[in-house]
Amino acid sequence: MGQVRHGCATTTHAIRAAVQRSQASTAALSQELGINPKTVAKWRKRETIEDLKTGPKEPRSTVLS
């Protein structure tokens, strides 16, 4: 079974890993992969290739008032 991506996703685990391994410039790499330079910069800063969780960092109480 392959990786499940949402409709607007432009990167896969393989692309993220390639971005982190590459020594090419941000502009050259974004042109080659067809993704935004900001996306290349974001994945270069991260230590893993996993997506971060969305939503609040500290969940609110689930008890209704």
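Q: What do the buried residues of α1 pack against in this structure?
A: The buried residues of α1 pack against α2 (26–33) and α3, where helices are DSSP runs of H or I with at least four residues, numbered from the N terminus. The model is predicted, with local features needing pLDDT of at least 70 and side-chain atom pairs counting only at pLDDT 80 or more, whereas totals for chains, interfaces and linings use all residues. Residues are numbered from 1 along each chain, and side-chain values use heavy atoms, without hydrogens and water.

Q: Why is arginine 16 called buried?
A: Its relative accessible area is 5%, and buried means under 20% (exposed is over 50%, partly exposed in between, with a 1.4 Å probe and protein chains only), so arginine 16 counts as buried.

Q: What puts Arg16, Ala17 and Val19, the buried residues of α1, on one side of the helix?
A: They cover an arc of only 160 degrees around the axis, and therefore lie on the same side of α1; the arc is that of the directions from the helix axis to the C-beta atoms. Ala14 and Arg21, which are exposed, sit on the face turned away from that buried side.

Q: Why is α1 called roughly perpendicular to α3?
A: The axes of α1 (residues 13–21) and α3 (residues 37–45), which come within 9 Å, cross at roughly 75 degrees, and angles of 65 to 115 degrees count as roughly perpendicular, so α1 is roughly perpendicular to α3. Arg16, Val19 and Gln20 of α1 and Val40, Trp43 and Arg44 of α3 make the contact, meaning heavy atoms within 4.5 Å.

Conventions:
Axes are lines fitted to C-alpha atoms, for helices over the stretch in contact, and angles run from 0 to 180 degrees between N-to-C directions. Helices (H or I, at least four residues) and strands (E, at least two) are DSSP runs, numbered from the N terminus. Angles under 35 degrees count as roughly parallel, over 145 as roughly antiparallel, 65 to 115 as roughly perpendicular and the rest as oblique.
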